[in-house]
Amino acid sequence: MLRSQVFYVAIEIIESFQRLCAKIDAGHDNWRHELSILENAGTPADAASTISPSANPEMDLLLRAEHSDPFHFLGPHPANLPGKPALAIRTLQPHATQVVVLWGKPAEEYPATRIHADGLYEAIVPLTNMPAGISSRKSPGASSDALDIAPTAYRLRITYPDGKSWDTYDPYAFPPLLTDLDLYLLGEGTHYQNYEKLGAHVREVAGVCGVHFGVWAPNAKRVSVVGNFNSWDGRVNPMRSRASTGVWEIFIPGLSKGDLYKFEIRSRFNDVLTLKADPYGFAGELRPKSSSVVVDIEGYAWQDSEWLDRRLRFDWQHAPISIYEVHFGSWRRADGGRWLTYSEMGDELIPYVKQMGYTHIELMPMMEHPFDASWGYQTIGYFAVTSRYGSPKDFMAFVDRCHQAGIGVLLDWTPGHFPRDAHGLSFFDGTHLYEHADPRRGAHPDWGTLIFNYGRNEVQNFLLSNALFWLDKYHIDGLRVDAVASMLYLDYSRRQGEWLPNQFGGRENLEAIAFLKRLNEVVHTRQPGTLMIAEESTSWPSVSRPTYAGGLGFDLKWNMGWMNDTLRYFALDPIHRKFHHGELTFSMLYAFNENFILPLSHDEVVHGKRSLIAKMPGDDMHKFANLRLLYGYFYAHPGKKLLFMGSEIAQWSEWWENTSLDWHLLQYAPHQGIQRLLKDLNHLYAKEPALHDLEFEWQGFEWLEVHDADASVLAFLRRGRRAEDFLAVVCNFTPVAREDYRLGVPEPGFYREILNTDSAYYSGSDAGNTGGVRAEPIPWSGRPHSIKIKLPPLSVLYFKPQRD
């Protein structure tokens, strides 16, 4: 409490000192200026003042759009005339031909005098006494000479050259809306819902509807809101500076949903002028346009309360999680190549995912981005859902429908870097505000992007609140954090001499590490039940372990090692696979060090890497058999599952964001077979506890055959938490059928063959063990019993003990 009080007192002292300095610098004698205006009252409204701006430096700053405290000059101010109490109301309207002040109700008209040819108007309202709505009490953050004027005490009637008039309330009559507590938390970096304060918000203030704008630009000399409502003129709506916090705000009455806007920022350094989209904007124009759009994201009637209640109790560690990774714009296209809308995707994607048995959809970034080929990973509008497919509430409805269908929604999120586009975060207020100034820390060499300055409280707050925003406002069930490895290492993808070590001389990015830990702590505290997933490609320890145990605090980590080893192995001609047997068995040395997701993601089917089916060796028949083998092994291996769209239909071509998936391939039996297999694997994975109960624990896995490299055969048990829940999995990685292959098993009885990837139903050769096999009392590989089975070529078999 004491610290807060000291902070507020400090802010008041700083504001008072700044106002004093402004008056000294300006050198103006306020009462003399106001007296001259009163003496000239009644002159034509369009008559220019004979007073030179140089006689009033404060006016000169305003007209040059350099005034850092426009509320000190514009709006209502006491005239302070001896014996003549009056109110001076000033407004800057460069595009107007006439301004009239409408005072009180019923309105009295006071024509304003144009005191400068550039459109500065002033009206003198004589006050014989203190009328209702005016008091001597000063509003928080108001200028020292300002009275507490009710914002609705008067209106402005503005006439334009075409003769049309517009009545509006004066933005400079409204008090600041951000509280001292808001400013304190923003500076401290702990305002976790700052998206409800900064940005553009449709609000009603003193009974007046309008839009409140807020932005952080600490190195700005002046910040203005520009848009289609003020001819994009930075002189019209300069914002209020909230002292040393670096925050600027203004309430502009009369604005509403659909208005376009940006922030025009004049820097204190080298007088740089920038025009920026709103970092906290909830919507943006479709590229190549780049303005932010005023929208109201409140008021959507969610129908997913049952889902959210279940999510709080969801034991995800012991539950099946099978993720279908989707790029929204290319899963399917409408006739003519048009994108499907959020509503249309809900009609088509949700039933498909449900039918296929996936538990979650993972969406590649849905934030606004200017470059289609970045797939959303070069984000500009961190708080704006992309307008490509509809409105924010349309996207809410899509997520809502997923939840009502029992499907979770995960979202890719990019706190590791951002693009250099001129209207984005880069060089935001004429300084390196969000990024490091030194390119050895602030520039990403691989992607040509910029890296966040994680050591700055306000930047951390921006990212933390953004993560919470998607979980809060859009009910997203988890975030997959992109490019974590690039955040952890200062020398990531850099040669010697191209990076700066930390204060201890190491390569670890200590600020980013602290940020990631704090991110996961805050998310798990404020949004319990949601998942935090790391795409981390190195051997950094304890990524998915709690921060109190020394970990980064993520729930899950992508197993990039398994993916690389497995795809490299499957690309080999089967005749050579026996020499690379260890590439498959190696993953079990570290399989339980983290909570792993096994990813077969979009990154593996683009940029010349070829699609999964095209990676497989041999002719078409062998390619399909290898792909079925891959999928059978994929679902049997410990770890949650992720598969990129199109891989479930064995798409031949690489994925391309500009076209739909090749759904026409499903007219061919081999492609139908792959899709059927994925559907059955998903349902089997969800049905059998042995496949999902203990995916992160050694007790869930036992080798049955690990040494048969010559035959390229692997066999293992998957176990559930109950002793009776286990499956035997046998993989044959060669095109040679193995007759009478003997395998040790833990129990006697009948072992039913519940899955055979070589089944004719999946367009295989239909070799296998019809029904199953009975165990014999023949010890084998340290097991008291064994089964003799037929191993089809390039296949995976799942056996389940039959219980009487």
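A residue is taken as buried when its relative accessible area is under 20%. By that criterion, 60% of the 804 residues of the protein are buried in this predicted model. The accessible surface amounts to about 30800 Å², with carbon and sulfur atoms contributing 53% of that area. Along the principal axes, the C-alpha trace extends over about 115 × 60 × 45 Å.

Turning to the fold, the secondary structure comprises 17 helices and 36 strands. Among the contacts with a separation of 6 or more, 71% join residues that lie 24 or more positions apart.

One local motif invites a look in the viewer. Strands β9 (residues 154–159) and β10 (residues 165–168) are paired in the antiparallel sense through 4 bridges. Thr159 has Ser165 of β10 as its bridge partner. The two strands, β9 and β10, make up a hairpin in which 5 residues intervene. Within the turn, Gly163 adopts a positive phi of about 90 degrees.

A further point of interest is the second largest pocket, whose volume is about 510 Å³. Its lining consists of 26 residues, and those nearest the centre of the pocket are Trp447, Asp482, Glu535, His602 and Asp603. Two helices, α10 (484–488) and α12 (560–570), are the elements that each supply two or more residues to this lining. In chemical character, the lining of the second largest pocket is made up of 11 nonpolar, 8 polar and 7 charged residues. Asp482, Glu535 and Asp603, among the residues nearest the pocket centre, belong to the charged class.

Notes:
Residues numbered from 1 in each chain as written. Predicted model: local features only at pLDDT ≥ 70, side-chain atom pairs only at ≥ 80, totals over all residues. Heavy atoms only, no water. 1 Å grid on protein atoms, 1.4 Å probe; cavity = no way out; pocket = protein on both sides within 12 Å on 5 of 7 lines; lining within 4 Å. Points joined across faces, edges and corners; volume = space filled by probe spheres on them. Pairing = 2+ DSSP bridges. Buried < 20%, exposed > 50% of the residue type's maximum accessible area, 1.4 Å probe, protein only. Contact = heavy atoms within 4.5 Å. Areas by Shrake-Rupley, 256 points an atom, 1.4 Å probe, with all protein chains shown as cover.
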